[in-house]
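Work through these exercises with the structure open beside you. Each task is followed by a solution in steps.

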Amino acid sequence: MDHTPPSQTAIRVRGLRRTFRTRRAEVEAVAGIDLDVRRAEVFGFLGPNGAGKTTTLRMLATLLPPTAGEATVAGCDLRRQPQRVRERIGYVGQAGGLDHGVSGRAELVFQGRLYGLSSRAARARAGELLAAFELEGVADRTAQTYSGGQRRRLDIALGLVHRPELLFLDEPTTGLDPQSRARMWDEVRRLRDGGTTVFLTTHYLEEADALCNRLAIIDHGRIVCEGTPDELKRAVAGDVITLGVQGDPAVALSLLSSRAFLRDHDPVAPDSQSLRVYVDRGETAMPAIFRVLDQAGVVLETVSMSRPSLDDVFLRQTGRRLREEAA
Amino acid sequence: MKLLRETWIVFERYFGKSLSSLPYMGVSLAQPVLYLVLFAPLLKSVAAVPGFPGGGAYNVFVPGLLVQLGLFSATSGGWGLIAEVKAGVIERLRVTPASRAALLLGRTLRDIAMLLLQASLIVVAAVPFGLTLRLPGVLLAFVLMALIALLMASVSHAAALLLRDENTFGAIVFSATLPLLLLSGVLLPMSLAPVWLQDVSAFNPLLYAVDAQRSLFANQVANATVLKGFVAIGSLALLSLVAAARAFGRAAA
């Protein structure tokens, strides 16, 4: 394997599109996206189910030909050098890809040999990975006896057999219990600290927040915003004030619209009971809000102030909450 | 070279899995052995009927049984493939630099090897009942058997990749195998059938396979029957392998 000169970019995507033909119409799963992922960072793709996360990932992993657009993945051109891309990337799909009738060790050795390792080297590498992912105790049992966390760790070990510089993880923690999820986060951080670029998709806000150096929010096949979690949150507001009002929140919504104390956009009502007001400084905005509502005779039932979350970022960009869809 | 190496690696992996799965082995062997023990004795008296080919009841019955085994094996290849597509195994393998052709060929070779293994067991088990084995007929019979296995595995893989669903796949395979089986002369020679049925069965490639196998088990090697069997099965096997490879190369799931 030759080594391309190291560049700062692990993935560079321009105008990537994918449409699917169904019986009735043409569906645009990914509607032309641009993306830059830096080396040795954890980059997250956050969005609801059906947003185009998996389709994008599968295109970048050479599994699905793009309808249009350009991409450079791990230094190689996606269209012209798919074979070289495959040598440099690891991919762990949503389904995982374990054969439940085969032992973890046998499958790791097999995977290694498909990447060109000799029988002996593949066995040695399997041993290393089994130790690193604490699977030695179950290594020779068939995968059907594994716990959910063990299966997921084996999935990832399989994706790392050839020491890829870039690892794609499609919803790596979906369906895991909190303990296994925390464990998976540690593994991902350890990979990044070792210089591996990790590109993952998730629909968990907490995961995107805790794990990703940078992230892009994708909705209906389009990237709606991109940045570090802090940048994205700061862009929405300094503070978020959540108000519970009696009656229709639409009244309060229109009263509070276009006020000077707002950051730069109107409040939103994510549900029928509350509204969220995005301001620069909560301490100074709150008295003003109370005054406005009081004068109009709107009865406030609850009020709370918080730092903006990625949920607010998503809500602001799409008008919907991610949390409800993810449930 | 790369293709051969990878095909071997894939074959080893799948063959090893099949061998280590004892219940699977047991089930796949039980049926033909049951046929041998429960059905073949009936043939002793049928063999005396006018029109029944000569050469002894078992030398007529076992070749048919082998073709039937090949036909039923068509289910297993596609079944496993659908399960692996759904579990993401195929996707995982397609992200490796391994050639897609090798990924398919390796598992096809496993299907062929399993069928030849089962066929050998049946042949050996039938010897005490009165099956006679003569060279080179038996060897050629196994070569033809391998071609039948290649045909069935490829048809099965192509259908599986097209349908992507166990239920549809099962329904189609089962409804296709029954007429193929009845019109192949596996159970009773088509020479006993009325003319119209013989005419219909002339469109069934398996008929030629069965006729060729019977001829080979009678150690009549150089004749038109054997040639027809090899040409019919061989050409279809090649076509279906190409179809399966194309479907596998395209498979985007």
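## Exercise 1: Two helices of chain B

α7(B) and α8(B) cross in a right-handed manner. The model is a predicted one.

Task: Find the crossing angle of helix α7 and helix α8 of chain B, and class it.

Solution.
- Step 1. Locate the helices: α7 covers residues 137–163 of chain B, and α8 covers residues 166–182.
- Step 2. Take the geometry. The two axes come within 9 Å and cross at roughly 140°.
- Step 3. Class the angle. Roughly antiparallel needs an angle over 145 degrees, and roughly perpendicular needs 65 to 115. Therefore α7(B) is oblique to α8(B).
- Step 4. Name the contact residues. From α7(B) come B:A159, B:A160 and B:L163. From α8(B) come B:T168, B:F169 and B:I172.

## Exercise 2: Two helices of chain A

Task: Decide how helix α5 and helix α6 of chain A are arranged, and state the hand of their crossing.

Solution.
- Step 1. Locate the helices: α5 is residues 148–159 of chain A, and α6 is residues 178–193.
- Step 2. Read the packing. The angle is about 20°, and the axes are 10 Å apart.
- Step 3. Angles under 35 degrees count as roughly parallel. So α5(A) and α6(A) are roughly parallel to each other.
- Step 4. Add the hand: α5(A) passes α6(A) in a right-handed crossing.
- Step 5. List who meets whom. A:G148, A:G149, A:R152 and A:I156 of α5(A) meet A:S180, A:R183, A:M184 and A:E187 of α6(A).

## Exercise 3: The six-stranded sheet

Task: Give the strand order of the six-stranded open sheet in chain A, and find its edges.

Solution.
- Step 1. The order is β6-β7-β8-β3-β9-β10, with mixed pairing.
- Step 2. The edges are β6 (89–92) and β10 (222–227) of chain A, each pairing on one side only.
- Step 3. Check the turn from strand to strand. Neighbouring strands are turned by 15° against each other on average, direction ignored.
- Step 4. Look at one pair. β7 (residues 166–170) and β8 (residues 197–202) of chain A are parallel, and five bridges pair them. One residue to find is A:D170, whose bridge partner in β8(A) is A:T201.
- Step 5. Add the helix. α6(A) packs on this sheet and touches β3 (42–46), β7 and β8 of chain A. The directions of α6(A) and β8(A) make about 150°.

## Exercise 4: The four-stranded sheet

Task: Trace the four-stranded open sheet of chain A, then find the helix that packs on it.

Solution.
- Step 1. The order is β2-β1-β4-β5 (chain A), and the pairing is antiparallel.
- Step 2. At the edges are β2 (26–38) and β5 (76–77) of chain A, each with pairing on one side only.
- Step 3. The helix is α1 (residues 53–60) of chain A, which touches β1 (9–21), β2 and β4 of chain A. Its direction makes about 115° with that of β1(A).
- Step 4. Go back to the β5(A) edge. Two bridges join β5(A) to β4 (residues 68–73) of chain A. There A:T72 stands opposite A:D77.

## Exercise 5: One residue in α1

Task: Is A:T55 buried or exposed?

Solution.
- Step 1. Find A:T55 in helix α1 of chain A.
- Step 2. Count its surroundings: 22 other C-beta atoms lie within 10 Å.
- Step 3. Apply the cut-off. A residue with 20 or more counts as buried, so A:T55 is buried.
- Step 4. List its contacts beyond four places in sequence: A:R18, A:A29, A:V30 and A:L64.
- Step 5. Take A:R18. A:T55 is 37 residues from A:R18 in sequence, but 7.7 Å away in space, C-alpha to C-alpha.

## Exercise 6: Chain A overall, and its contact with chain B

Task: Describe chain A as a whole, then say how many residues each chain brings to the contact.

Solution.
- Step 1. Chain A has twelve helices and 13 strands.
- Step 2. Its C-alpha trace spans about 80 × 45 × 45 Å along the principal axes.
- Step 3. The domain assignment gives domain 1 (9–231) and domain 2 (238–307) of chain A. Their C-alpha centres lie 41 Å apart.
- Step 4. Of the 327 residues in chain A, 45% are buried.
- Step 5. Turn to the contact: 21 residues come from chain A and 18 residues from chain B.
- Step 6. On the chain B side, α1 (2–20), α4 (57–87) and α5 (89–94) each supply at least two residues. The largest share, five residues, comes from α5(B).

Key:
Residues are numbered from 1 along each chain as its sequence is written. Chains are lettered from A and ligands numbered from 1 in the order in which they are written. This is a predicted model: local features need pLDDT of at least 70, side-chain atom pairs count only at pLDDT 80 or more; totals for chains, interfaces and linings use all residues. Two strands pair if DSSP finds at least two bridges between them. Two residues are in contact if their C-beta atoms, placed from the backbone, lie within 7 Å. Axes are lines fitted to C-alpha atoms, for helices over the stretch in contact, and angles run from 0 to 180 degrees between N-to-C directions. A residue is buried if 20 or more other C-beta atoms lie within 10 Å of its own, exposed if 12 or fewer, and partly exposed in between; C-beta atoms are placed from the backbone. Domain bounds come from an automatic or database domain assignment. A crossing is left-handed if the near helix is turned anticlockwise from the far one by less than a right angle, and right-handed if clockwise.
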